[in-house]
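Let's take a walk through this model together, starting with one residue and its surroundings and working towards the interior. Keep the viewer open as you read.

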Amino acid sequence: MSTYVDTTIAMVERANQLAALAAERKHTLKSTPTVFATDVEFATPRRSGLMNIPNGEDGTKIVLAELLRDNHETNHVFFNDLGFHNHIAHYLLTLYDLGASSETLKETYAREKGYQRPPPPLHPRAAIDLTNEDNWPTYFGNQEHYTDFLAFFTAEIKTLGWRECISKYIFGKSKIAVMMRKNIFGGFYHPVIHFGFGIEFEILSVIAEGLAECATSETVLGDGIADIVERIAEEVDPNRESNSTLLSLVTEIQNNPNIPKNVFWTDGQDKPHALLSRIGPEVAQIVTKFRCKPADLLQKCAETTNVAALLCGASLRPDKQITFDFFMAHMVTTAPFIQLLVNQAWISDEEKCRLMEWKGWTDLLVYASRRGPKLYIDDIRGYVPKVNSKGNRWFNLFERVLQYKDRTGGHGIKLIRALAYAEKCNADFVGKPGFVVEGDMWWKMAAMCMDTHELGEEEYVYDCGYDEAWEVIGPRVRK
């Protein structure tokens, strides 16, 4: 990995040059970057997104690439010490995929950049240490080393190619790959979302950011799933014989009296891990009944998407405004990238099955950590949207969400796009066991999200299984 060491030395030498570069750039940088200037091609999409809606303009891709390059050079992937995520790349790419104008991209970037912070400095010693996998535990899971890992994965992508890099460091057999693979759902799914966007548009800078985010995200949930859930799955069902649907396991979670007694509002954002730490084996006995064999990959992928959407869209309170759980929304916005990874020929079926199981297990754990709230499915089926367009109803929602100034980093537009894409991916499995969301329910959930956002009140509820979370949510307006 001498290329990595050489690259990092070059980064350190060139960091000071960026202050002068900033004055020549159109977009103002709020601090001296700590990584050398990125070739704009490294931040340029090489292929279209999942929806690929044109905007009728020339040059939008160039504007997008410049904005992504600026974000790459000048912003940390975590905007505070609590590990809250920089969603700029996600937001811009979703806007771009749904046909946003260049001006919308610029305005969004200026708005979102305002609360970011610069990345941490490079640590020259790390350039040497990260070439030896025995040294990785010293740096892994520590956001102060984000720039070190970004430098590492940038060099590896340039040396190996992005597919080979992901194959080696996410789906490989080394100790490093095991550490990384356990962490792709850490920080509420963000690593796989981030490098998933990079894969979708084939943007090398975004892939590097996502891998560096994976290496510096908190590790407790991934460790818990590996040490408790996956271990029990291998002991109880080594041949993946269980054919339980996710929906049946949702019911088991709802009916388990010990779950609500062992996870509390005061557990904060660590609720899934807290639940595992208290009654991990008991919860694992439920969630590990979800297994996946190679022959079932496409159906299991669609099933995880369907149930994720159901849990997000139906975990409501009848007396409160329709508001989706912020964290459970990530179950849905992760789904397109799981589908994307399942469709990659260079990933083995064994790794795809493990990925699918971990997605299902993580979703169930997040739901259980909300104490298995009751699902109000008829609230989706019977919902009357604020706007019922006579034309293409999805395009109407896209037009509205492109104009909306999201107050949570673009989560609304990501959710709406993910639901639109999920409708396509579920089309071949309508009526199968465990598939509840069908027909116009996809669009209605997207409309529920858009209508709530446009009220100008709380965009999301945080931890929907607790009375405390709903105290800030107003009474039901739309039925």
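In this predicted model, a good place to begin is Glu-454, which touches Lys-386, Arg-400 and Tyr-404 once residues up to four places away in sequence are set aside. Take Tyr-404 from that group: 50 residues separate Tyr-404 from Glu-454 along the sequence, yet their C-alpha atoms are 7.8 Å apart in space. Glu-454 itself belongs to helix H22, which covers residues 441–454. Is this residue buried, partly exposed or exposed? Its relative accessibility is 30%, and because buried requires a value under 20% and exposed one over 50%, Glu-454 counts as partly exposed.

Now let's turn to the interior. The largest nonpolar core holds 152 residues, and those that touch the most other members are Trp-136, Phe-153, Met-180 and Trp-394. Helix H17, residues 326–342, gives the most to this core, contributing 11 residues. To see the surroundings of one of those well-connected members, select Trp-394: leaving out neighbours within four places in sequence, Trp-394 is in contact with Ile-416, Leu-419, Ala-420, Glu-423, Trp-442, Trp-443 and Ala-446.

Phe-153, another of the four, leads us to helix H8, where Phe-153 is among the buried residues. H8 runs over residues 146–160, and its 15 residues should span 21 Å at 1.5 Å a residue; the end C-alpha atoms are 21 Å apart, so the two values agree. How much of H8 is covered? Mostly covered is the description that fits, with 12 of its 15 residues buried, including Tyr-146, Asp-148, Phe-152 and Glu-156. Just after H8 comes Gly-161, with a positive phi of about 100°.

Next comes a helix pair. Two packed helices are described by the angle between their axes and the distance between the axes. For H9 (residues 162–169) and H12 (residues 204–216), the axes come within 11 Å and cross at roughly 10°. An angle under 35 degrees counts as roughly parallel, and H9 and H12 are therefore roughly parallel to each other. Trp-162, Cys-165 and Ile-166 make the contact from H9, while Leu-204, Ile-207 and Leu-211 make it from H12. By class, the contact residues are 6 nonpolar, no polar and no charged.

H12 also rewards a look by itself. Its 13 residues should span 18 Å at 1.5 Å a residue, and the end C-alpha atoms are 19 Å apart, which agrees. As for burial, 13 of the 13 residues in H12 are buried.

Conventions. Residues are numbered from 1 along each chain as its sequence is written. This is a predicted model: local features need pLDDT of at least 70, side-chain atom pairs count only at pLDDT 80 or more; totals for chains, interfaces and linings use all residues. Side-chain values use heavy atoms; hydrogens and water are left out. Axes are lines fitted to C-alpha atoms, for helices over the stretch in contact, and angles run from 0 to 180 degrees between N-to-C directions. Helices (H or I, at least four residues) and strands (E, at least two) are DSSP runs, numbered from the N terminus. Angles under 35 degrees count as roughly parallel, over 145 as roughly antiparallel, 65 to 115 as roughly perpendicular and the rest as oblique. Contact means heavy atoms within 4.5 Å. Ala, Val, Leu, Ile, Met, Phe, Trp, Tyr, Cys and Pro count as nonpolar, Asp, Glu, Lys and Arg as charged, and the others, Gly among them, as polar. A nonpolar core is a set of buried Ala, Val, Leu, Ile, Met, Phe, Trp, Tyr and Cys residues joined through side-chain atoms within 4.5 Å. Buried means under 20% relative accessible area, exposed over 50%, partly exposed in between (1.4 Å probe, protein chains only). The expected span of a helix is 1.5 Å times one less than its number of residues.
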